[in-house]
Structure formats: C-alpha cells, structure tokens
Amino acid sequence: MTRIKRGSIARKRRTKIRFFTSRFRGAHSTLIRTINQQAIRAFVSATRDRDIQKRDFRRLWITRLNAVSREKGVSYSYSKFIHDLYHNQLLLNRKILAQIAILNRKCVYMISNEILNIK
C-alpha cells in the first residue's frame with residue numbers, strides 16, 4: 001500500500017482552528033496541540049458562561065423588581081407580586097417587568113393596583 005501524504009487536508013484543518021485561536025497569546029496560538037486544547041477549553045467556557053449569564057440576568061431582574069415592589073407604591077413583597085400576577089393571568093415575564101420598573105415606575109404601580117382591585 002502506498003503512502004498517502006495528507007499535507008493539504010491537514011493544513012486546511014489546522015488553519016481553520018488556528019484562525020479561531022489567532023487572538024490567543026504565545027504557544028496557545030502557534031503550536032497545533034496547544035491550539036486544539038485551548039479551542040476545546042474556549043468552547044466549553046463559552047457554553048458554561050452563556051448559562052451563567054442567563055442566571056445572572058434573571059437575578060438582576062428579580063432584584064430590580066423586589067426593590068420597586070418594596071417602595072411606597074407597591075405595598076407587598078416581590079414573591080406575592082409575582083404570585084398574584086400569575087394568579088390573575090397577567091402574563092408578563094420578569095424581564096419585561098424589570099424594564100417597565102426602570103423606565104416607568106408608575107406603570108408598575110398601576111399593575112399592582114390592578115391586581116389589588118381584582119382581588
């Protein structure tokens with residue numbers, strides 16, 4: 001069996017990975033084995049950090065809503081506020097509510113008063 005030289009195919013594969021790691025420093029952007037390891041590590045970190053980012057944003061929205069709900073306009077806690085929203089079938093998610101709370105607090109007060117009037 002004759003020997004097959006894989007120069008062009010292997011080079012294509014390596015340059016594709018090297019293009020991804022070209023912003024890394026030192027051997028992490030030049031040596032092939034290290035490039036492969038760093039690329040795998042970067043993909044794992046990116047996936048993990050996307051999940052953490054979702055978690056962090058949800059915590060931020062909850063904190064903002066809790067701060068607004070404890071002010072003078074809304075007379076009860078965040079957990080009761082969310083419970084009453086779903087109980088009265090006002091389907092607004094935490095992201096939208098937090099944006100409303102930042103941009104127009106009177107609107108949040110109107111929503112909470114609407115909930116209290118329905119009860």
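Helices H3 and H5 cross in a left-handed manner in this predicted model. Their axes lie 10 Å apart and meet at an angle of about 65°. On the H3 side, the contact uses Phe81, Asp84 and Leu85, while H5 brings Val108, Ile111, Ser112 and Ile115. Sorted by character, the residues of this H3–H5 contact are five nonpolar, one polar and one charged.

**The nonpolar core**

- The largest nonpolar core has 13 residues, and Phe81, Leu85, Leu97, Ile111 and Ile115 are the members that touch the most others.
- Four helices each give at least two residues to this core: H2 (32-69), H3 (78-87), H4 (94-103) and H5 (105-118).
- Phe81, Leu85, Ile111 and Ile115 may look familiar, as they are also part of the contact between H3 and H5.
- Which residues does Leu97 touch, once those up to four places away in sequence are set aside? They are Leu65, Phe81, Ile82, Leu85, Leu92, Val108 and Ile111.
- As general background, nonpolar side chains in soluble globular proteins tend to be buried together.

**Where H1 leads into H2**

- Ser29 sits in the loop between helix H1 (7-20) and H2.
- Is Ser29 buried or exposed? Ser29 counts as buried because its relative accessibility is 16%, and the cut-off for buried is under 20%.
- Beyond its neighbours within four places in sequence, Ser29 is in contact with Arg18, Thr21, Ser22, Phe24 and Ile35.
- Ser29 and Ala39 are ten residues apart along the chain, and their C-alpha atoms are separated by 9.7 Å.
- Thr34, in helix H2, is buried too, with a relative accessible area of 18%.
- Residues up to four places away aside, Thr34 touches Ala27 and His28.

**Two partly exposed residues of H2**

- Asn36 belongs to helix H2 and counts as partly exposed, at 28% relative accessibility.
- From Asn36 to Ser8 there are 28 residues along the chain, and the C-alpha atoms are separated by 18 Å.
- Arg64 is also found in helix H2, where it is partly exposed with a relative accessible area of 35%.
- Arg64 touches Ala98 and Ile102, not counting residues up to four places away in sequence.
- How far apart in space are Arg64 and Ala10, C-alpha to C-alpha? The answer is 52 Å, with their positions 54 residues apart in sequence counted as the separation.

**A backbone point to look at**

- Gln89, in the loop between H3 and H4, has a phi near 60°, which is a positive value in a residue other than glycine.
- For context, most residues other than glycine have a negative phi.
- Gln89 is exposed, since its relative accessible area is 67% and exposed begins over 50%.

**How confident the prediction is**

- The protein has a mean pLDDT of 87, and 96% of its residues reach 70 or more.
- Which helix has the lowest confidence, and which the highest? Confidence is lowest in H5, at a mean of 82, and highest in H2, at 94.
- As a general reading tip, predicted coordinates should not be read in detail where pLDDT is low.

Technical notes:
Residues are numbered from 1 along each chain as its sequence is written. This is a predicted model: local features need pLDDT of at least 70, side-chain atom pairs count only at pLDDT 80 or more; totals for chains, interfaces and linings use all residues. Side-chain values use heavy atoms; hydrogens and water are left out. A nonpolar core is a set of buried Ala, Val, Leu, Ile, Met, Phe, Trp, Tyr and Cys residues joined through side-chain atoms within 4.5 Å. Buried means under 20% relative accessible area, exposed over 50%, partly exposed in between (1.4 Å probe, protein chains only). Contact means heavy atoms within 4.5 Å. Axes are lines fitted to C-alpha atoms, for helices over the stretch in contact, and angles run from 0 to 180 degrees between N-to-C directions. A crossing is left-handed if the near helix is turned anticlockwise from the far one by less than a right angle, and right-handed if clockwise. Ala, Val, Leu, Ile, Met, Phe, Trp, Tyr, Cys and Pro count as nonpolar, Asp, Glu, Lys and Arg as charged, and the others, Gly among them, as polar. pLDDT is the predictor's confidence in each residue, from 0 to 100.
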